[in-house]
Structures are given as C-alpha cells and as structure tokens.
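Biologist: I'm new to this one and would like a close look at a single part. Could you pick out the pieces you find worth a look and walk me through them?

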Amino acid sequence: MAKNVAITYDIYIGAPVAKVWNGIVDGELTRHYVYGTRLESKLKKGAPYAYVGDGNFKVVDGEILEIEPEARLVMSWKAHWDDSVAKDRPSRVTYELSAGGPSTTKLHLVHDDFEGQTATYSGSVDGWPLMMSSLKSLLEAGKPLATE
C-alpha cells in the first residue's frame, strides 16, 4: 500500500477574505499566477471545472466537491500537463480561508489523496508555494511574481 502523502501550505495575504476568494475563483486573475491558465467553472458542488491554457488545453480538470464561498473550496484534481501526470488518478485540493485581521487573510491549502509520490505530487510540491506567493503578490501589489 502506498504511503499517504500530502502537500500543505499556509500563507497570509494582506487582503480581505472576499478579495482572496475572488483571486482563487476568478479566471481573469488565475491566468496571472496559475501558469497562464484560466479557471473555468460554474462554482457549484458537483460542477466540472478546468484550468484552461493556450489552445483550450485543459492543464488540470476535475469536479467541485465542496464549496462554501469565501471560506472553503474542495476540488478533485486531475493533471494533464504532461504524459507522466496524465497516468495518475485524480487527487484533491482544498483551499480554506479565514480572517487573520481586518484586511489579512490566512490561506490554508492542502493537496492530498495521492497514491504515494506520484508524478502529480512531484510536480506540485514546488508549484503550490510559487503559485500562492504569486497570488499574494498579485493581490497585495497588483502584479504576480515574475517567473520567466
């Protein structure tokens, strides 16, 4: 049996919870920090979603498993960015938001339900801190981190 592995990441963002939530779910904003992809979804429990890149390529897709606006978003996570991750079964991503002050939000992210250290796990370990730090920069300073 594969060892249960998970990626957890906490970050404090100098913006109110509503603004951070919008940064997570607004496709116009995600394209600035999720490797150029737009989140497309109806944002309802059971609805499909995808992070869509150039040429309408679905880099990641899945289903909204739970949604509590401005508090919690849980999604199945099926990666397609290369052949190695395409072989992995879906994992799960959870975003939890809480107020850290009047204009500060704590964002707690968990990416779990992997079957061991899969290609998706390996490709996500460094990706999440970079994306969440870039979200922080986008919301606080108006521009994402320069990664290219």
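Modeller: Let's start with Leu 130, which sits in helix α5, the stretch covering residues 127-141. Keep in mind as we go that this is a predicted model. Is Leu 130 buried or exposed? Neither label quite fits: its relative accessibility is 31%, so Leu 130 counts as partly exposed. Leu 130 also has company at the surface, since together with Tyr 35 and Leu 145 it makes a nonpolar patch of about 280 Å².

Now for the strands, and β3 in particular, which spans residues 48-52. Of its five residues, four are buried, so the rest of the structure largely encloses this strand. What does β3 pair with? One partner is strand β2, residues 38-41, which runs antiparallel to β3 and is joined to it by four bridges. You can follow that pairing residue by residue: Arg 38 stands opposite Val 52 of β3, and Glu 40 stands opposite Ala 50 of β3. Between these two strands of the hairpin there are six residues, and Leu 43 has a positive phi there, near 55°.

Strand β4, residues 58-68, also pairs with β3. Here five bridges do the joining, and the two strands again run antiparallel. For a pair to look at, take Tyr 51, whose bridge partner in β4 is Val 60. β3 and β4 make a hairpin too, with five residues between them. In that turn, look for Gly 55, which has a positive phi of about 70°.

One last stop is strand β7, residues 104-112, where you'll find Asp 112. Why does Asp 112 count as buried? Its relative accessibility is 17%, and the cut-off for buried is under 20%, so Asp 112 falls on the buried side. As for what lies around Asp 112, set aside its neighbours within four places in sequence and you get contacts with Val 5, Ala 6, Ser 91 and Arg 92.

So if you go back to the picture, try β3 with β2 and then β3 with β4, and finish on the surface patch of Tyr 35, Leu 130 and Leu 145.

Key:
Residues numbered from 1 in each chain as written. Predicted model: local features only at pLDDT ≥ 70, side-chain atom pairs only at ≥ 80, totals over all residues. Heavy atoms only, no water. Patch = residues over 30% accessible without salt bridge, like charges linked within 9 Å, V, L, I, M, F, W, Y side chains within 5 Å. Areas by Shrake-Rupley, 256 points an atom, 1.4 Å probe, with all protein chains shown as cover. Salt bridge = Lys/Arg side-chain N within 4 Å of Asp/Glu carboxyl O. Buried < 20%, exposed > 50% of the residue type's maximum accessible area, 1.4 Å probe, protein only. Pairing = 2+ DSSP bridges. Contact = heavy atoms within 4.5 Å.
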